[in-house]
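Student: I'd like to learn how to read a helical model like this one. Can we go through it feature by feature?

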Amino acid sequence: MTGEVGCFAEKDDKEAFALVPVPAQEVRDLDFATDASKELSRYALELETSANRMFINLTTNLLTEILYFVAYQDNNGGDPFEVETPGSNRERPKLLREQFVLKQVLGTFQFTL
């Protein structure tokens, strides 16, 4: 069996790459998720070695902010356990999974229990 390999004389990369505009809110959401993942990772390491009250408070505050983030609400100082999330929008929870925030949350709980 014989075959031939050929190529075009000119490269055409227009289908390989595309620059598309992204809404500013989407960029802010990604920034929040990546920062939350990094900080939770750092807090989990600190909590693994010591039960430093400062890191327990920082972790609690960040987890509260994550709840409000998922609920598309501002933190106005209310009870985070009474936050109701919109049932139809799953973009932010998906983003948190993709950025390993949920993995970091579970890792944080592992060391605090």
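Tutor: Sure. Let's start with a cut-off: a residue is called buried when its relative accessible area is under 20%, exposed when it is over 50%, and partly exposed in between. Keep in mind that this is a predicted model.

Student: Which residues of H2 are buried?

Tutor: In H2, the buried set is Phe-55, Thr-59, Leu-62, Leu-63, Thr-64, Ile-66, Tyr-68 and Phe-69. When you look at a list like that, remember that an α-helix has 3.6 residues a turn, so residues three or four places apart point the same way. H1 has its own buried set: Asp-29, Ala-33, Ala-36, Ser-37, Leu-40, Tyr-43, Ala-44 and Leu-47. Over the whole protein, 24% of the 113 residues count as buried.

Student: What elements does the chain have, in order?

Tutor: From the N terminus the order is α-α-α-α, and the tally is 4 helices and 0 strands. As for contacts with a separation of 6 or more, 51% of them join residues 24 or more positions apart.

Student: How do I check the length of a helix, say H1?

Tutor: Use a rise of 1.5 Å a residue. The 26 residues of H1 should then span 38 Å, and since its end C-alpha atoms are 38 Å apart, the two values agree. H2, with 18 residues, reaches 26 Å from first C-alpha to last, close to the expected 26 Å.

Student: And how is packing between helices described?

Tutor: Two packed helices are described by the angle between their axes and the distance between the axes. Here, the axes of H1 (residues 24-49) and H3 (residues 91-98) come within 9 Å and cross at roughly 40 degrees. H1 and H3 are therefore oblique to each other, and the crossing is right-handed.

Student: Which residues make the contact of H1 with H3?

Tutor: From H1 you have Gln-25, Asp-29, Leu-30 and Ala-33, and they meet Arg-92, Leu-95 and Leu-96 of H3. By class, that contact has 4 nonpolar, 1 polar and 2 charged residues. Asp-29 and Ala-33 also turn up among the buried residues of H1.

Student: What about H2 against H3: at what angle do they cross?

Tutor: Their axes cross at roughly 135 degrees and come within 8 Å. That makes H2 oblique to H3. Ile-66, Phe-69 and Val-70 of H2 touch Arg-92, Pro-93, Leu-95 and Leu-96 of H3. This contact divides into 6 nonpolar, no polar and 1 charged residues. Two of its H2 members, Ile-66 and Phe-69, are buried.

Student: Now the loops. What should I look for in the backbone?

Tutor: Most residues other than glycine have a negative phi, and most peptide bonds are trans. Tyr-72 has a positive phi, near 55 degrees. Tyr-72 sits in the loop between H2 and H3, just after H2.

Student: Is Tyr-72 buried, exposed or partly exposed?

Tutor: Tyr-72 has a relative accessible area of 34%, so it is partly exposed. Another positive phi belongs to Phe-100, near 65 degrees. Phe-100 lies in the loop between H3 and H4 (101-112), and at 51% relative accessibility it counts as exposed.

Student: Where does Gly-77 fit in?

Tutor: Gly-77 is in the loop between H2 (53-70) and H3. Its relative accessibility is 65%, so Gly-77 counts as exposed. Its C-alpha is 9.8 Å from that of Thr-64, which is 13 residues away along the chain. Thr-64, by contrast, is one of the buried residues of H2.

Technical notes:
Residues numbered from 1 in each chain as written. Predicted model: local features only at pLDDT ≥ 70, side-chain atom pairs only at ≥ 80, totals over all residues. Heavy atoms only, no water. Axes fitted to C-alpha atoms, helices over the stretch in contact; angles between N-to-C directions. Parallel < 35°, antiparallel > 145°, perpendicular 65-115°, else oblique. Left-handed = near helix turned anticlockwise from the far one by under 90°. Contact = heavy atoms within 4.5 Å. Nonpolar A, V, L, I, M, F, W, Y, C, P; charged D, E, K, R; others polar. Expected span 1.5 Å × (residues − 1). Buried < 20%, exposed > 50% of the residue type's maximum accessible area, 1.4 Å probe, protein only.
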